[in-house]
Amino acid sequence: MKILVSGGCGYIGSHTVVDLLKENYEVVIVDNLINSKREVLDNIKKITNKEVTFYKVDLCDKEKLKEVFEKESIDAVIHFAGLKAVGESVEKPLMYYENNLISTINLLDLMREFNVKKIVFSSSATVYGNPDSLPIYEDFPLSTTNPYGTTKLMIENILKDLYKSDNSFDITILRYFNPIGAHKSGLLGEDPNGIPNNLMPYIVRVATGKFPILNIFGDDYKTVDGTGVRDYIHVCDLSYGHVLALKNKKTGLKIYNLGTGKGTSVLELVKKFESVNGVKVNYQIAPRRDGDIDACYASNEKAVKELGFKPKYTIEDMCRDSYNFVKMNTN
Ligand code: NAD
Ligand code: UD1
């Protein structure tokens, strides 16, 4: 089976490509490298000893994307490509709407034209807004607080409408919680440019001395120790969820949370990181960050039951692998 992986050079996409190759899928990556590097392709080869076909194409360029569909006989698509920085999306909303929506509409229209009916889409727990209760189930009300999140919700709605119009489409929407960690080889991981927005990339940069101190955004949340609680999931557990989604016997339009179902506070994560890696992470308590919520963790029951999703990595593994990746990739 030949899988087109859009955004396959990125953080989650690259780990998923490794899993797909291990399971003997053929992989065609389409990525414009706006937030990733070509070296990722060499590292995928080093890990798997297998080749992928790569097209440096922007999904917003429909003609170029059509050429890929003409050349390759695609059976299914995993659609990771998109911009994902929340703060940037608030500053440049049109860039986010244009990139994330036009790319997806182009992709879906070509899938329709070339009769490729199976797609797995990267959505986010951000579509639950500020949930009324925890854990979060897939049928909770949806709302968003920033343009990035709104693009995810709009794409979910586009997919639902597409399915209504043509129920031969087989659509899986995966709502990721907080992916961290890296491939155990240290060859693949998350390497954001500039100042990271997310917690783990910031922690590792403080641990390696790149940044002096971690600001913990708020210690007066209604949580175990007052700091924000999230559902961190190892990127390798998350990536394997995509293989399970491809293999799922259930067809139609399906939505799954991909999380561990366990909440960890910022302070708990920092302490774990220090003890697992034997390093100090200097921190100070700072004001709350706008738009943050007290706590967010998944019910993953549906994914466990219907996909056979079984996250196997612990918070310790996530801390160790995140640090290992950055140590191996820092000069
Ligand atoms: P990433 O930025 O590492 O990967 C996305 C890839 O898509 C990059 O390689 C980028 O170059 C490519 N891309 C972006 N726009 C493109 C376009 N128009 N044409 C071709 N390629 C394009 O991000 P990631 O963390 O791997 O996330 C993958 C997907 O999962 C994204 O859609 C993201 O919104 C979603 N997601 C991520 C998280 C997270 O915490 N990382 C959480 C929830 C959902
Ligand atoms: C953020 C995004 C969300 C996106 C998710 C994964 C916001 C409001 N939400 O979620 O849309 O899907 O990333 O990419 O940006 N924290 C600190 N100090 C830091 C960084 C973070 O204390 O320097 C805290 C936060 O307040 C939060 C926790 O760490 O309590 C996790 O933050 P982060 O990694 O940014 O993820 P989310 O806020 O869950």
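The paragraphs below go through a predicted model, beginning with its sheet and ending with its salt bridges.

The sheet is made of seven strands and is open. Read across, the strands come in the order β3-β2-β1-β4-β5-β6-β11, and their pairing is parallel. At the two edges lie β3, which covers residues 53-55, and β11, which covers residues 253-258; each of these strands has a pairing partner on one side only. From one strand to its neighbour the direction turns by 20° on average, if the sense of the turn is ignored.

One pair of strands can be followed in more detail. Strand β5 takes in residues 118-124 and strand β6 residues 170-176; the two run parallel and are joined by seven bridges. One residue of this pairing is Ser-124, whose bridge partner in β6 is Tyr-176. Helix α6, formed by residues 147-165, lies across β5, β6 and β11. The helix runs at about 150° to β5.

Side chains with rings come next. Over the whole structure, five aromatic pairs are found. One of them brings together Tyr-202 and Phe-211, with ring centres 4.9 Å apart. The planes of these two rings stand at 35° to each other, so the pair counts as tilted. That class applies because the angle is neither under 30 degrees, as in a stacked pair, nor over 60, as in an edge-to-face pair. Both partners are shielded: Tyr-202 has a relative accessible area of 19%, and Phe-211 has one of 16%. Buried means under 20%, so Tyr-202 is buried, and Phe-211 is buried as well.

Rings also meet charged side chains. Lys-117 lies over the face of Phe-169, at 5.2 Å from the centre of the ring. Lys-302 has its charged end over the ring of Tyr-256, and the distance to the ring centre is 5.2 Å.

The remaining contacts are between opposite charges. The structure contains 23 salt bridges, and a few of them are described here. Lys-254 and Asp-170 form one, with their closest N and O atoms 2.5 Å apart. Lys-254 belongs to strand β11 and Asp-170 to strand β6, so this pair links distant parts of the chain, 84 residues apart. Lys-254 and Asp-170 are both buried.

A second salt bridge joins Lys-272 to Glu-316, at 3.3 Å from N to O. Lys-272 is part of helix α9 (residues 266-277) and Glu-316 is part of helix α11 (residues 315-328), so the contact ties together parts that lie 44 residues apart in sequence. Lys-272 is partly exposed, at 31% relative accessible area. Glu-316 is also partly exposed, with a relative accessibility of 32%. Elsewhere, Lys-37, Asp-191 and Arg-205 are joined into one network by salt bridges that share partners.

A further salt bridge is made by the side chains of Glu-51 and Lys-45, 2.8 Å apart from N to O. Which of the exposure classes does Glu-51 fall into? Glu-51 has a relative accessible area of 57%; exposed means over 50%, so this residue is exposed. Lys-45 has a relative accessible area of 34% and is therefore partly exposed.

How values were computed
Residues numbered from 1 in each chain as written. Chains lettered and ligands numbered in written order. Predicted model: local features only at pLDDT ≥ 70, side-chain atom pairs only at ≥ 80, totals over all residues. Heavy atoms only, no water. Pairing = 2+ DSSP bridges. Helix = DSSP H or I, 4+ residues; strand = E, 2+ residues; numbered from the N terminus. Axes fitted to C-alpha atoms, helices over the stretch in contact; angles between N-to-C directions. Contact = heavy atoms within 4.5 Å. Phe/Tyr/Trp six-rings, centres within 6.5 Å; stacked < 30°, edge-to-face > 60°. Buried < 20%, exposed > 50% of the residue type's maximum accessible area, 1.4 Å probe, protein only. Lys NZ or Arg CZ within 6 Å of the ring centre and 35° of its normal. Salt bridge = Lys/Arg side-chain N within 4 Å of Asp/Glu carboxyl O.
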